[in-house]
Each structure stands twice: as C-alpha cells, then as structure tokens.
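Me: I'd like to get better at reading a structure feature by feature. Can you walk me through one, giving the general idea and then the case at hand?

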Amino acid sequence: MQLDEIARLGSSFRDPAGFMFTHEGTLYRQVNRFGSRSYDGLMESGLYAKLCQKGWIVAHEEVDAPVAEREQAHKIIKPEPVPFISFPYEWSFGQLKAAAIRTLDIQLAALKHDMILKDASAYNIQFCQGRPVLIDTLSFDPYTEGQTWDGYKQLCQHFLAPLCLMARRDIRLGQLARVHIDGVPLDLASKLMPRSSWLRPGILMHLHLHARAQAAYGESDTASARKTGKTRPLSRNGLVGIVSGLRSLIDGLDWKPAGTEWADYYQATNYSDDAFTAKSRHINAFLDQIEPRQVWDLGANTGHFSRLASDREIDTVAFDIDPAAVEINFRHVQKKKEPHLLPLVLDLTNPSPAMGWAGQERESLLERGPVDCVMALALIHHLAISNNVSLDRTAEFFARACRHLIIEFVPKSDSQVERLLSSRKDIFHHYHEDGFEKAFLKWFDIRERKRVEGSSRTLYWLSLKPS
Amino acid sequence: MKLVVFFCLLLVLTTSNAYGYLDPGSGSAILQGIIGALAAIGIVLKLYWHRLLRFFGLRKPTAYDDSDEDESTGRPDSRNP
C-alpha cells in the first residue's frame, strides 16, 4: 500500500485516539493503539450495540485493509457513509437542539455502560435519515467514578450558548458558530443574553456562572489568571444530574418561526394553482430524465419542490437563507420521518467558507460538491437584482456546483421582480431571457426549456458542457 | 489509617481523566464539582420522594422507572447486576 494513495481528512487531527482517511473514494477510520481502550471499551461494554440499535451512532464494520499508519494502528473501521456533511452554523434552531439532546442522551446511555462521552462537539453530529447521529466512534472513554466530564465546557459552547441566544435574544445569533469554530465563548454569550435569563437557574449555572468561573480561573481571553483551584471529585449521581439538568434545560428552550421573510411566500407570489402544478410537472419530468443520486435545492424555502426529489428517495439538501423557513422544513421532516431530505440554512450570496486549521477543517459549500443536480427555482432574480451578481458570474458558480441544473428564469414582468425593482433604479439591462441563455450557454447546454403555464416564467434543464 | 490514606489517594488520582485530549478548563471542571454535588443531593431527594409517594400508594411504579429504554438514570441496569 502506497501512502500517497491514502488521504487523511483535514478535520481529523485533534484526538490522538485515531483519524479518518480516504482510500480509493471510501472513508475509513484508523483506531490508534492510543485509542484502543476507548474503542474496545465501546465495543465490549455493549454500548455500541445499544447505540446502533437506537440509530444514535453511525454503524461501522471492522476491516483488515487499508492501514494508513501501521506502527500506530490498532484497528481499521469502515463507517457507513453520510450522504451530506453539514455544519452547526448551517442548522436551524430545531436541528441544533435535536443534536444537543442526542449528544446528552448518548452521554446518559454511555454512563449506563460505564463509558463516558469525552467530548461534546457539535461537529461530531450529522443528520442521517433525517435524524441526528454521532459520527465519532472514538468519542468514548472508560468511565471512572469521580471524574469530571471533559466535554462539559464544549457542550455549553457548542450547543447551550447558541441555543439560548437564538431562543432568548435573536435567531440570527446562531451564526456566531461560524466565527467561533469551538463554539460561542461563554463570556460573550453571557454578555449578550437578556438580564432576565439570570433568573433561570439552569442558564444561570451553566452559562452565566460558568462564564464567571472561567474568568476566575483565567480561561477567558479577557481575564488574567487570578486563582488556582482544585477540582473536586464528581460522583456518578452528580454527573448524571448535570447531564439530565442540561437536557431538560435545552429541551425547554423553544423558538417559534414567525414573522418570516418567506412565511407567506406561496400565497404572495403570482403563482396560480395551475402554474404551481405545471411547475411541479416539469420538474418531475426533468428529474425522470436526469436520475440524480443527490440534489441540492438552492433557495428551497420550506422545501415544497425539494420533496419532488426527496420523495423519489433521492438524497436532497434544501438550502434557504431564512432560518424560519428551514425550521418549518425541518419540523416537517421530523413529523413525517422523511429520510431523504436535509434542510439547511445558507446565504447563497455568502456561502459557507472553508474554515478551521489551514482552512481545511470544515469544507466550503463548493468543496462538498459538485452535486448531480442543482435546483434553482425562483432564485435567479434575488441573485441578479437584490445582490447585483451578473448572469455570467451566476452561470459560472452553478457550473462549479453541479452537472445538471434545473433553473427557473423570472422575467422583469413578474410581480416578484417588479417588487425588487420598485425601490431602486433598473440598472440590469442584460436581465432578460436572451441575456440569461447567452450567459449560461457558455457553461451549459440547454436540454429542455418549458414555459410555466399560468405565469411569465421559464423552466430550464441545463447540462454542464463536457470539459 | 493506611486504608483511609489509600482511598483518599485513589480518589485524588481518579479525578483526572488520563485519556482526554480536550482541555476541560479548570473553571468548567471546578464548576462541575459544585453543580454536581447539588445535583447529586437533588437526585437522592427525588428518589426518596418517589419512594415515599409509592409507600403511601400515591404513585404506582411505572415502566419508565427502570425500563431499559430509559437512559435518564445513566446508571448500569440494576436488573442485571
């Protein structure tokens, strides 16, 4: 085996217990000798079987080859693939909350098997089949009575702080996770929270007093080390109490998606029922021919058209800028137990960048592609007119994102475009159907063009030109 | 006396996690000790409160109390010691 055939993942370097690597397009995890007690403990304690049975952990099989670093290797495992890797700053409130509760439930299950979740990173959770799943098989250690939970601070930073801020201050503060890769600093969260939150015992202890304890013992950037303290042993009951307390605190946090930009979109558009049906029919016909394995619906709103793909068992990611629309979509996914739809928050004019160490820990949106098929329905006017992106640049972006594109052109005569232009000068002289086709033909071939009956819009199926 | 010293040493030695790769943060660890002590008292009080209610027949033992599905206790399953 040549080492150059093995590519270590940029995100997998912190824990010496093991690391992820790819070989010939397949993802593996090497368990190092250093992590043998963690892995063997997980497998032999019955915890792995229990978590698998509940669907709380990604399943894996042990394999003999390939071995990435033989002198350190204890085992090689092949985890089941996750259809799309998403990050906490792309999740809606409900998704972050579900991931937090799953993490805490896993901790309680682990303690029952005399194991402990040693960390609590939100990046260790992914959404598979519509449900939050732990993907880090090496997150466990044998539990020793008296020890504290190393991941407590991480849980508060990755989950509790952003959830409290979103629920009790402003939903947009969830985006702080994009700046702070190891979670929202607790002193910052404490400052931003409303004063009334000091009256909630859970928030008081785990957030406000936690921030002050960190400051007192010199952990925060703004404090000098003033004290040295001794950690007192934490009984099992005490640890369970902390974990259960955090669980009920987080479970009690709620945010209702109301007053949204898009809440009444379908009612407000100039779509007649006929046009709506026609649009669905054309998209279905395109999907029949494209037969994609994965679809990204950009500007998906609450996922009405995304479901044309996901209902065919195509893994579909429904992106939208509006956290309320994504929240509504996710609640629908949960309620209907839809396994193939993943709603995510994304501002397409500023999509998720590559982040972390060397810019390689968290992949950008485009690095997670290209995808078989992108759907961009009722989107182009927002990019071209609200954000002044030229049609040429838009076409180039889509050419990097996908192989097939289902895109709707919305002309200036459409009421939605009229609304966008009502408060500004029309400087968009190339924004018309011919200009659109000219820009996209540089990268794509037009496979089909359909008028959406009952509207002035046109739906295109475009295929990337062979390079 | 030797035994007492041995157990004290054992307790001190086992409070640190030898395998961890994360910095738990001294403030976070100390806070856990304090909240944990309060929580442990709470859990014991709750247990006795429920036992008292059961004793007076005010609350029936439910499947939830020690079901295998219930992860809320975080304790090894007491039915299979």
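Reply: Sure. Keep in mind that this is a predicted model. Let's begin with a sheet in chain A: five strands make an open sheet with antiparallel pairing, in the order E1-E2-E3-E5-E4.

Me: Which strands stand at the edges of that sheet?

Reply: Strand E1 (6-8) and strand E4 (60-63) of chain A do; each has a single partner strand, so one side of each has no neighbour in the sheet. On average, neighbouring strands here are turned by 35° against each other, direction ignored. For a closer look at one edge, take E4(A) and strand E5 (residues 73-79) of chain A: they run antiparallel and are joined by four bridges. A:Glu61 stands opposite A:Lys78 in E5(A).

Me: What is the strand order in the seven-stranded sheet, and what is its pairing?

Reply: That one, also open and in chain A, runs E12-E11-E10-E13-E14-E16-E15, and its pairing is mixed. Strand E12 (341-345) and strand E15 (444-451) of chain A are at the edges with a single partner strand each, so each has one side left without a neighbour in the sheet. Neighbouring strands are turned by 20° against each other on average, again ignoring direction. At one edge, E15(A) pairs with strand E16 (residues 458-464) of chain A in the antiparallel sense over seven bridges, and A:Asp445 stands opposite A:Ser463 in E16(A).

Me: Which strands does helix H14 of chain A touch when it packs on the sheet?

Reply: Helix H14 (residues 391-401) touches strand E13 (371-376), strand E14 (402-409), E15 and E16 of chain A. Its direction makes about 145° with that of E13(A).

Me: How should I think about cores?

Reply: The general idea is that nonpolar side chains tend to be buried together in soluble globular proteins. In this model the largest nonpolar core has 131 residues, and A:Leu160, A:Leu207 and A:Val374 have the most contacts inside it. Look at A:Val374: beyond its neighbours within four places in sequence, it is in contact with A:Trp296, A:Leu298, A:Phe398, A:Ala401, A:Cys402 and A:Leu405. There is also a second, separate core of six residues, with A:Phe21, A:Tyr28, A:Ala68 and A:Ile76 among them.

Me: Is A:Ser139 buried or exposed?

Reply: A:Ser139 is buried, because 25 other C-beta atoms lie within 10 Å and the cut-off is 20 or more. Its place is in the loop between strand E8 (131-134) and strand E9 (140-142) of chain A. Setting aside neighbours within four places in sequence, A:Ser139 is in contact with A:Leu117, A:Lys118, A:Asp119, A:Asn124 and A:Leu134.

Me: What about backbone oddities?

Reply: As a rule, most residues other than glycine have a negative phi, and most peptide bonds are trans. Here a cis peptide bond joins A:Gly369 and A:Pro370, with omega about -5°; A:Pro370 is in the loop between E12 and E13 of chain A. Then there's A:Glu291, not a glycine, yet with a positive phi of about 50°. A:Glu291 sits in the loop between helix H10 (273-290) and strand E10 (294-298) of chain A, and it counts as exposed with 11 C-beta neighbours inside 10 Å. A:Glu313 has a positive phi of about 65° and is not a glycine either. A:Glu313 lies between helix H11 (306-310) and strand E11 (315-320) of chain A, in a loop, and counts as exposed with 9 C-beta neighbours inside 10 Å.

Me: How many helices and strands does chain B have?

Reply: Three helices and zero strands. Of the 81 residues in chain B, 21% are buried.

Me: How many residues does each chain bring to the contact?

Reply: Chain B brings 33 residues and chain A brings 49 residues. On the chain B side, helix H1 (2-14) and helix H2 (26-55) each supply at least two residues, and the largest share, 16 residues, comes from H2(B). By class, that side has 15 nonpolar, 15 polar and three charged residues.

Me: And a helix pair across the two chains?

Reply: Two packed helices are described by the angle and the distance between their axes. The axes of helix H8 (residues 236-252) of chain A and H2(B) come within 7 Å and cross at roughly 95°, so H8(A) and H2(B) are roughly perpendicular to each other. Residues making the contact include A:Leu239 and A:Ile242 of H8(A) and B:Ile35 and B:Ala39 of H2(B). By class, the contact of H8(A) with H2(B) has nine nonpolar, seven polar and no charged residues.

Terms used. Residues are numbered from 1 along each chain as its sequence is written. Chains are lettered from A and ligands numbered from 1 in the order in which they are written. This is a predicted model: local features need pLDDT of at least 70, side-chain atom pairs count only at pLDDT 80 or more; totals for chains, interfaces and linings use all residues. Two residues are in contact if their C-beta atoms, placed from the backbone, lie within 7 Å. Ala, Val, Leu, Ile, Met, Phe, Trp, Tyr, Cys and Pro count as nonpolar, Asp, Glu, Lys and Arg as charged, and the others, Gly among them, as polar. Two strands pair if DSSP finds at least two bridges between them. Axes are lines fitted to C-alpha atoms, for helices over the stretch in contact, and angles run from 0 to 180 degrees between N-to-C directions. A nonpolar core is a set of buried Ala, Val, Leu, Ile, Met, Phe, Trp, Tyr and Cys residues joined through C-beta atoms within 7 Å. A residue is buried if 20 or more other C-beta atoms lie within 10 Å of its own, exposed if 12 or fewer, and partly exposed in between; C-beta atoms are placed from the backbone. Angles under 35 degrees count as roughly parallel, over 145 as roughly antiparallel, 65 to 115 as roughly perpendicular and the rest as oblique.
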